[in-house]
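I opened the notebook today to record what I looked up in this structure, entry by entry.

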Amino acid sequence: MIKMRRGDVDAAKSSSPVNEETAEASSSVETRKAAAQSSRPSRITFEDITAAAYRIKDRVLRTVCERSHLSEKLEMEIYFKKDFMQYTGSFKERGARNTLKQLSKEQKSLGVIAASAGNHALALSHHG
């Protein structure tokens, strides 16, 4: 375990190098975040969904959707999709595969980056 005092953390923060490239990249990210938040959500059509289903059908399992025993207790129909049966054990395979299939040749040559080592990263590495 590493223990640091408050002063050590403040000193580390103030000594980190910041140059024009770092500042520009940070500004660019902030600009994109602001644009994404201010824009209206896109409308997803039935055609979008069926196109995605077609794109992923060769490598993503069709998992069952079973009625839960909670349906009686809660007096409503509840179904669970058993995506734990996917190769990576997660529903994230659908989105990862769909996105990877839509990349241009140039984008594919640059590769993809996962911001975590979780289910999405597993799906990207499996399908990438």
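**Entry 1, the largest pocket.** I began with the residues that line the largest pocket of this predicted model, and I noted Ala52, Ala53, Ile56, Lys57, Val60, Leu61, Arg62, Lys81, Arg94, Gly95 and Asn98. The volume I read for the largest pocket is about 320 Å³. Sorting the lining by class, I recorded five nonpolar, two polar and four charged residues. When I asked which helices each supply at least two residues of this lining, I found helix 3 (46–56) and helix 5.

**Entry 2, helix 5.** Since helix 5 had come up at the pocket, I looked next at its buried residues, which are Glu93, Ala96, Arg97, Asn98 and Leu100. Asn98 therefore appears in my notes twice, as a buried residue of helix 5 by the cut-off of under 20% relative accessible area and as part of the lining of the largest pocket. For what covers the buried residues of helix 5, I wrote down that the cover includes helix 3, helix 6 (105–110) and helix 7 (119–127).

**Entry 3, Lys101.** Still in helix 5, I turned to Lys101, and asked whether this residue is buried, exposed or partly exposed. Lys101 is partly exposed, because its relative accessible area is 38% and that class lies between the cut-offs of 20% and 50%. Leaving aside residues up to four places away in sequence, I found that Lys101 touches Arg55 and Asp58. I also checked Lys101 against His127: the two are 26 residues apart in sequence, while their C-alpha atoms are 9.3 Å apart in space.

**Entry 4, Ser90.** I then moved to Ser90, which lies in the loop between strand 2 (79–81) and helix 5 (92–101). Is Ser90 buried or exposed? Ser90 counts as buried, because its relative accessibility is 4%. A polar atom of the Ser90 side chain lies 3.0 Å from the backbone nitrogen of Lys92. Apart from residues up to four places away in sequence, Ser90 touches Asp83 and Asn119.

**Entry 5, the whole chain.** Last, I stepped back to the protein chain, for which I counted seven helices and two strands, in the order α-α-α-β-α-β-α-α-α from the N terminus on. Of the 128 residues in the chain, 16% are buried. The chain exposes about 11000 Å², and carbon and sulfur atoms supply 56% of that area. Among contacts with a separation of 6 or more, I noted that 51% are between residues 24 or more positions apart.

How values were computed:
Residues numbered from 1 in each chain as written. Predicted model: local features only at pLDDT ≥ 70, side-chain atom pairs only at ≥ 80, totals over all residues. Heavy atoms only, no water. Buried < 20%, exposed > 50% of the residue type's maximum accessible area, 1.4 Å probe, protein only. Contact = heavy atoms within 4.5 Å. Areas by Shrake-Rupley, 256 points an atom, 1.4 Å probe, with all protein chains shown as cover. Polar contact = N/O pair within 3.5 Å; in protein donor to acceptor, adjacent residues only side chain to side chain. 1 Å grid on protein atoms, 1.4 Å probe; cavity = no way out; pocket = protein on both sides within 12 Å on 5 of 7 lines; lining within 4 Å. Points joined across faces, edges and corners; volume = space filled by probe spheres on them. Nonpolar A, V, L, I, M, F, W, Y, C, P; charged D, E, K, R; others polar.
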